[in-house]
Amino acid sequence: MASQLLSVPSFSLLPKVSPFHPPLLSTPRKLPLFHSTTCSPLQSSSNSRITNLQAVTNTCSETESNAPTETTALTLRNICQGFVPEHILHRQALMEEIGFVFPTDIQREALPTLFTGRDCILHAQTGSGKTLTYLLLILSLINPQRSSVQAVVVVPTRELGMQVTKVARMLAAKSTDVEVKGCTVMALLDGGMLRRHKSWLKAEPPAIVVATVASLCHMLEKHILRLDSVKVLVVDEVDFLFYSSKQAGPVRKLLTSFSSCDKRQTVFASASIPQHKHFVHDCMQQKWTKRDVVHIHVSAITPMPLCLLHKFIVCGKKNKHQVLLALLESDAPESAIIFVGEQSEKSKKAGNDPSTTLLIEFLKTSYNGSLEILLLEEDMNFNSRAASLTEIRQGGGFLLVSTDIAARGIDLPETTHIFNFDLPQTATDYLHRAGRAGRKPFSDRKCIVTNLITSEERFVLQRFENELMFSCEELML
Ligand SMILES: Nc1ncnc2c1ncn2[C@@H]1O[C@H](COP(=O)(O)OP(=O)(O)OP(=O)(O)O)[C@@H](O)[C@H]1O
């Protein structure tokens, strides 16, 4: 089994410097373009891999998962029965209304392992349902009768935290037909009202806390929150947090000083784990996880969803706005996100307007379509950021201009088009931006990612194509 998959080209995003381990290669490997057919949701995923590092004693060999062959009728309920409380599985909202009937590949591969209590690294494409995977584990472990924090989910941004909290509350809500206490979920996020949270934590600790790193560490350092009763600690977008100069230190402290890996189940999730073998090794060495951590890698040879079609158009910097307008008219997206690069410090100092502002102003005067134009960027205050996303969530039909703040984890399933008005900095950023579209796990619908580039940027896009193994079709002006 172990050797079978070793010949498959391994996907690995290579950052310039790894916070996990010194880089092995300084330049990205040029990989052949490789396409494979997507796994039907009901088939076992032939390109998924599960690595158990203890079993293979540091060789980082990868074994094909032994997913059952007769999975045709396997439902989420089948997988969760006996682990997740019946009243949650019974809830109409979970199974039918929301449409969570069949498991996605990562849910089918990971849940049985997670239910055994093993630490896991969930490594699967954007929009593949990693959130529901770890939330179902959490619901299988917590006791609503106990008044203590039993699960913590750490996220990189307030926006992602709000989204995860919403899903957790929906799943954990008190059932109407049975006498079972619902679980409380606290959102402990940057920009939140920490004073109110302090009183809440003292009066009646919630069972689940969804937190940004800074807010969580603040509460831990002030001894307002303790992790003694925590059974499961999830770090979502784990690579992003480890690469963030501000957040990496506090995350490590959280994993090793504020709590011990021996006393909790640890789950890491992301669609991109650069140099994942080193990362798994470091997880064990640094005691971020136990030594029998399992790396569950779904769609290892197709890092981006195959329902995404990638295009590019070469244009001059000066006519980018007009080209975008023409694309919006010709493509007529149902909902779209336009990603714009962050303003440089130099440009800020020179007193220039950020590109986001310029683009919003241009669209407001020139775009005649029916989509509502919205803005999301770091420099907005937290209330305006929340308002932008709330407006979006009330039904699609949006044209969201955003920096990379919307690139990680944000789930807007109505998004049909992504426009990279400015190219992202890295292939990993490309993967996450593109992955804001194509987020309906069982849909065949194609979504489009269009890159507006100058002729000098063509080689950068080609590098992304090689690293992420996709190909981009050229559009002519
Ligand atoms: N079993 C399922 N059946 C149908 N839809 C599902 C299922 N599981 C998850 N989804 C939906 O799929 C979408 C993507 O899920 P989710 O946000 O968890 O993706 P993700 O893997 O965390 O992506 P990312 O890496 O971008 O954060 C959500 O809208 C979610 O409701």
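Helices and strands are DSSP runs, helices (H or I) of at least four residues and strands (E) of at least two, numbered from the N terminus. With that convention, this report describes a predicted model, beginning with the annotated C-terminal region.

## Annotated region and overall composition

According to UniProt, in an unreviewed entry, the feature "domain: Helicase C-terminal" occupies residues 319–477. Over residues 319–477, helix accounts for 38% of the chain and strand for 18%. The C-alpha atoms at the two ends of this range are 11 Å apart.

The protein chain as a whole contains 17 helices and 16 strands. Of its 477 residues, 55% are buried. When contacts between residues at least 6 apart in sequence are considered, 77% of them join residues at least 24 apart. The accessible surface of the protein chain is about 20,800 Å², and carbon and sulfur atoms contribute 52% of this area.

## Salt bridges

Side chains of opposite charge can pair when their charged atoms come close. Searching the whole structure yields 15 salt bridges. The table lists examples.

| Pair | N to O distance |
|---|---|
| Asp292 and Arg118 | 3.2 Å |
| Arg226 and Asp228 | 3.0 Å |
| Asp404 and Arg433 | 2.8 Å |

Asp292 and Arg118 form a salt bridge. Asp292 is located in the loop between α11 (276–285) and β9 (294–297), and Arg118 in the loop between α4 (105–115) and β3 (120–123), so this pair ties together parts that are 174 residues apart in sequence. Arg118 has a relative accessible area of 22% and is partly exposed.

In the pair of Arg226 and Asp228, Arg226 is exposed at 54% relative accessibility. Asp228 is likewise exposed, its relative accessible area being 56%.

The side chains of Asp404 and Arg433 also meet in a salt bridge. Asp404 belongs to the loop between β13 (398–402) and β14 (417–420), whereas Arg433 belongs to helix α16 (residues 427–434); the pair therefore ties together parts that are 29 residues apart in sequence. Asp404 is partly exposed, with 24% relative accessible area, while Arg433 is buried, with 1% relative accessibility. In addition, Glu237, Asp239 and Arg408 are joined into one network by salt bridges that share partners.

## Helix α14

Helix α14 (residues 355–366) consists of 12 residues. From its first C-alpha to its last it reaches 16 Å, close to the 16 Å expected at 1.5 Å a residue. Its buried residues are Thr356, Leu359, Ile360, Phe362 and Leu363. These residues lie on the same side of α14, because they cover an arc of only 165° around the axis. Lys364 and Thr365, on the other side of α14, are exposed. The packing partners of the buried residues of α14 are α12 (320–331), β11 (336–339), β12 (372–376) and β13.

## Helix α5 and its contact with Ala168

Helix α5 (residues 130–141) has 12 residues, which should span 16 Å at 1.5 Å a residue; its end C-alpha atoms are 17 Å apart, in agreement with that value. Because 10 of the 12 residues of α5 are buried, this helix is largely enclosed by the rest of the structure. Among the buried residues of α5 are Lys130, Thr133, Tyr134, Leu135 and Ser140.

Leu135 is touched by Ala168, which also touches Val185, when residues up to four places away in sequence are not counted. Ala168 is in helix α6 (residues 158–172). A residue counts as buried under 20% relative accessible area, and Ala168, at 3%, is buried. The C-alpha atoms of Ala168 and Met284 are 29 Å apart in space, and the two residues are 116 residues apart in sequence.

## Ala387 in helix α15

Ala387 is placed in helix α15 (residues 382–393). With a relative accessibility of 33%, Ala387 is partly exposed. Along the chain Ala387 and Leu374 are 13 residues apart, and their C-alpha atoms are separated by 9.8 Å.

Terms used:
Residues numbered from 1 in each chain as written. Predicted model: local features only at pLDDT ≥ 70, side-chain atom pairs only at ≥ 80, totals over all residues. Heavy atoms only, no water. Salt bridge = Lys/Arg side-chain N within 4 Å of Asp/Glu carboxyl O. Buried < 20%, exposed > 50% of the residue type's maximum accessible area, 1.4 Å probe, protein only. Expected span 1.5 Å × (residues − 1). Arc of directions from axis to C-beta. Contact = heavy atoms within 4.5 Å. Areas by Shrake-Rupley, 256 points an atom, 1.4 Å probe, with all protein chains shown as cover. UniProt positions renumbered as here; feature names shortened; annotations may be inferred.
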